[in-house]
Amino acid sequence: MKGMSWRVASPKGSSNPKPLYWIVVSIAVVAVFITFTSWFFVSYPIGSTVHGYIYGVESSQISGLSVSQKINITSVDLHMNASFDLVDNKAPSKIEKNDTNLDSHVLFSESASPKIVPVTKEVNGLETSDAVASKASVPVIGTNSSIMKGCDLYHGNWIHDPLGPLYANNSCPILTQTQNCQGNGRPDKDYENWRWKPFQCDIPRFDPRMFLELMKGKTVAFIGDSVARNQMESMMCILWQVEEPKNQGTRNMQRYYFESTSLTIVRIWSSWLVKHNSEPFDFAPAGVEKIYLESPDEMLMEFLPTFDVVVLSSGHWFMKQSVYILNNEIVGGQLWWPDKSRHTKINSVEAFGISVETILTALVTHPNYTGLTILRSYSPDHYEGGGWNTGGSCTGKVKPLAVGELVENKYLASMYEQQVKGFNRAVKKATNGSKIRLMDITEAFQYRHDGHPGPYRSTDPNKITKRGRDGRPPPQDCLHWCMPGPVDTWNEIVFEIIKREYEGDRIS
């Protein structure tokens, strides 16, 4: 056997000596090649690589981004889905690169307004909702453009969420009874089970423990009217699920302290966000509210340096009886007086825009304020067939509106437009290095007519909840939001904005 070699037959029947070890080596080479190829495709899947080339982003690019990076979006497409559980409701906006002079701020198109009646068209094989293109410079939250192309928080749809709400109505002792829809006998509950889903990205479900840890030692202040209270209570209900805070409030300010991380949540009532009183002025008698459009709210300004995050909202009180004062002169108001036309230089919508500019300018120029300001855009109401005091109703709405079901609301569009104008004017005056963001929820929430208390405003077992024989609806609330309900989404967006500022740019 010594010196013997194996012979392998050739195709022609001839035989040539081939040592066994060459066969072993060949098999080993093939095995190594197959192993390497498998590892390569697992580590670098073709699909994700192509996706990265198309959209300009891969996971490795996401992790190292800084807060100072800016967005450069030429357009955002609105994809529409006919799925039963999907309600699309956002029109595209055009967004351009940030002005370097407005490094920490956000500008929005002053000509833009909520898209009331979407028009669909075909784009690259997908239906998309058309809208008037915005031409203004629109710097959005400081973020890398390749990531933000698919992650504008305000373009998306409402999707059915089987996980349900973040809390139960009976698990939050701070909840105002008029917004406790289940506690007040509302028979349906599915309005609690929809969540906002931006296109091509996601807003994570609110993690209260993570929020408490992120905001360790900080103060978050909610400033505004009763709808601002609605949002603040939503935040408190979410956080209450993991820790009961200490009530340190006073007569003029609600204040809750979370011992685990020394987070403080504050609420200051400010109906107009500017100075107001009922003292006599010129021919306007005592007892009538005087709105000083050029002077910011005094209590807010007193405590402002102690706040790290300020969430602002207002607008709904401009329909109340009051007079507007500008340059020490009555210039308009929701009140009749002799020769009113001579004193009416601005209407309530314009007064709202001025008040927004006033308060935001005060914040971004205050020498001792360096925090983050979040202005929530105007919250839509859903009174049908009349106003809040003229027989308007939202009874019987049990799911979000679908595309094409919106009706024109000129007042809402004009209030939104004036708010954006006031925001942009204030941004241009910024001097103190603080940050300011517009939380643009108006259009998305036009679709949530199902989220209001309606006639379920109290625990009264004898309350009227159906229309009378004459067809008139019972008194109802179609302005505030049920809790739990759509309003909780506002705080998920607030959390996402805060995370981007405190942790750097994030994509979920």
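Buried means under 20% relative accessible area, exposed over 50% and partly exposed in between, with a 1.4 Å probe and protein chains only. The model is predicted: local features need pLDDT of at least 70, side-chain atom pairs count only at pLDDT 80 or more, and totals for chains, interfaces and linings use all residues. Residues are numbered from 1 along each chain as its sequence is written, and side-chain values use heavy atoms, leaving out hydrogens and water.

**Exercise 1.** Find where Asp-297 sits, and work out which side chain of opposite charge is nearest.

*Solution.*
- Step 1: Look in the loop between strand E13 (289–296) and helix H7 (298–303). Helices (H or I, at least four residues) and strands (E, at least two) are DSSP runs, numbered from the N terminus.
- Step 2: Lys and Arg count as positive, Asp and Glu as negative; His and the chain ends are not counted.
- Step 3: Arg-267 is that nearest side chain, 11 Å away. Asp-297 is buried and has no salt bridge, a term for a side-chain nitrogen of Lys or Arg within 4 Å of a carboxyl oxygen of Asp or Glu.

**Exercise 2.** Name the residues that the side chain of Asp-297 reaches, first Ser-270 and then a backbone nitrogen.

*Solution.*
- Step 1: A polar contact is a pair of N or O atoms within 3.5 Å; within protein, one must be able to donate a hydrogen and the other to accept it, and residues adjacent in sequence count only if both atoms are side-chain atoms.
- Step 2: With the side chain of Ser-270, Asp-297 makes such a contact at 2.8 Å.
- Step 3: The backbone nitrogen belongs to Leu-300, at 3.0 Å from the Asp-297 side chain.

**Exercise 3.** List what Asp-297 touches, leaving out residues up to four places away in sequence.

*Solution.* Using contact (heavy atoms within 4.5 Å), you should find Ser-270, Leu-273, Val-274, Lys-275 and Ile-359.
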